[in-house]
Amino acid sequence: MIPLRDDNPAALVPVVTRTLIAVNLLVFLYEALLGPELRRFVFEWGFVPERLTLALRYGNEPLLSAALPILTSMFLHGGWAHVIGNMWYLWIFGDNVEDLLGHAGFLVFYLVCGAIAALIQYATIPASTLPTVGASGAIAAVLGAYIGAYPRVRVFTLLPLFPFIQVVPLPAYLVLGLWFLLQFVLGLGALHAAATGGIAFWAHVGGFAAGLLAIRVFLAGRRPRSRAWVE
């Protein structure tokens with residue numbers, strides 16, 4: 001299933017969403033220009049679990065320098081498919097969550113939930129020497145917030161329905177719920193091979209859960225402006 005767009009236009013101009021997309025794309029273009037220096041750059045600014053573990057246990061480097069890549073790694077990506085896929089989901093779902101939280105609130109939500117996602121992934125591989133990169137954890141939080149706020153809003157989705165590929169409007173809880181279930185199942189299957197690299201499924205699971213919880217707390221403190229908030 002590939003989401004194409006939702007049927008719930010945001011009221012605010014999604015300034016932060018657009019800025020995040022632009023920054024991610026610019027950083028990726030910078031990565032593409034690094035050539036042989038790319039590996040050093042990724043190991044410095046990507047989140048390497050072992051660095052944080054050693055800093056916590058033995059203090060072999062300042063904790064801040066070991067932990068800062070939790071944030072900077074959100075703006076690095078491992079290839080064109082990685083960055084385009086992430087930015088596609090952010091573009092479709094980020095504007096509505098930004099509309100709910102406001103510009104500043106959405107930025108804080110994105111960074112904090114992205115950090116939580118990275119730490120949940122870290123808990124599965126604290127001794128890994130491989131860098132974790134990508135905005136997937138933060139974007140998973142956006143998806144969690146979206147399904148919490150707009151579960152029944154239709155998402156126009158590209159489906160391979162034999163013999164044709166068709167665009168089908170499906171409720172958000174179905175599209176994003178199936179996405180979350182897939183991440184959870186794949187995460188369970190990847191636990192035994194966590195140290196060998198691959199997709200950070202538990203960052204997806206953790207980010208989604210963090211976003212869903214955060215938006216529920218936010219909505220509980222406000223009167224809904226439309227039925228779409230509480231359906």
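This section describes two helix–helix packings and the surroundings of four buried residues in a predicted model.

Two packed helices are described by the angle between their axes and the distance between the axes. For helix α8, which spans residues 136-149, and helix α10, which spans residues 201-220, the computed angle is about 40 degrees and the axes lie 6 Å apart. Because angles from 65 to 115 degrees count as roughly perpendicular and those under 35 degrees as roughly parallel, α8 and α10 are classed as oblique to each other. The crossing of these two helices is right-handed. On the α8 side the contact is formed by S136, G137, A140, A141, L143, G144, A145, I147, G148 and A149, and these residues meet A203, H204, G207, F208, G211, L212, I215, R216 and L219 of α10. By residue class, the contact of α8 with α10 comprises 11 nonpolar, 7 polar and 1 charged residues.

The second packing involves helix α1, residues 15-34, and helix α7, whose axes come within 9 Å and cross at roughly 45 degrees. This arrangement makes α1 oblique to α7. The contact is made by V15, V16, T17, L20 and N24 from α1, together with H103, F106, L107 and Y110 from α7. Of the residues in the contact of α1 with α7, 6 are nonpolar and 3 are polar, and no charged residue is present.

Two residues of this second contact were examined individually. T17, located in helix α1, is buried, with a relative accessible area of 1%. When neighbours within four places in sequence are left aside, T17 is in contact with L90, W91, G94, D95, E98 and F106. The C-alpha atoms of T17 and F106 are separated by 8.5 Å, although the two residues stand 89 residues apart along the chain. F106 itself belongs to helix α7, which covers residues 103-124, and F106 is likewise buried, with a relative accessible area of 0%. Residues up to four places away in sequence not being counted, F106 touches V16, T17, L20, L90, G94, V97, E98, L101 and V142. For the pair F106 and A190, which are 84 residues apart along the chain, the C-alpha separation is 31 Å.

A further buried position is H77, which lies in the loop between α5 (69-72) and α6 (80-101). The relative accessible area of H77 is 3%, and the residue is therefore assigned as buried, the cut-off for this class being under 20%. The side chain of H77 reaches the backbone nitrogen of A135 at 3.3 Å. Apart from neighbours within four places in sequence, the contacts of H77 are with N24, F28, E31, H82, V83, N86, M87, V133, G134 and A135. Among these partners is N24, which also takes part in the contact between α1 and α7.

The last residue considered, P69, is placed in helix α5 and is buried, with a relative accessible area of 3%. With residues up to four places away in sequence excluded, P69 touches E44, W45, G46, F47 and R51. The C-alpha atoms of P69 and A115 are separated by 9.6 Å, and these two residues are 46 residues apart along the chain.

Conventions:
Residues numbered from 1 in each chain as written. Predicted model: local features only at pLDDT ≥ 70, side-chain atom pairs only at ≥ 80, totals over all residues. Heavy atoms only, no water. Axes fitted to C-alpha atoms, helices over the stretch in contact; angles between N-to-C directions. Helix = DSSP H or I, 4+ residues; strand = E, 2+ residues; numbered from the N terminus. Parallel < 35°, antiparallel > 145°, perpendicular 65-115°, else oblique. Left-handed = near helix turned anticlockwise from the far one by under 90°. Contact = heavy atoms within 4.5 Å. Nonpolar A, V, L, I, M, F, W, Y, C, P; charged D, E, K, R; others polar. Buried < 20%, exposed > 50% of the residue type's maximum accessible area, 1.4 Å probe, protein only. Polar contact = N/O pair within 3.5 Å; in protein donor to acceptor, adjacent residues only side chain to side chain.
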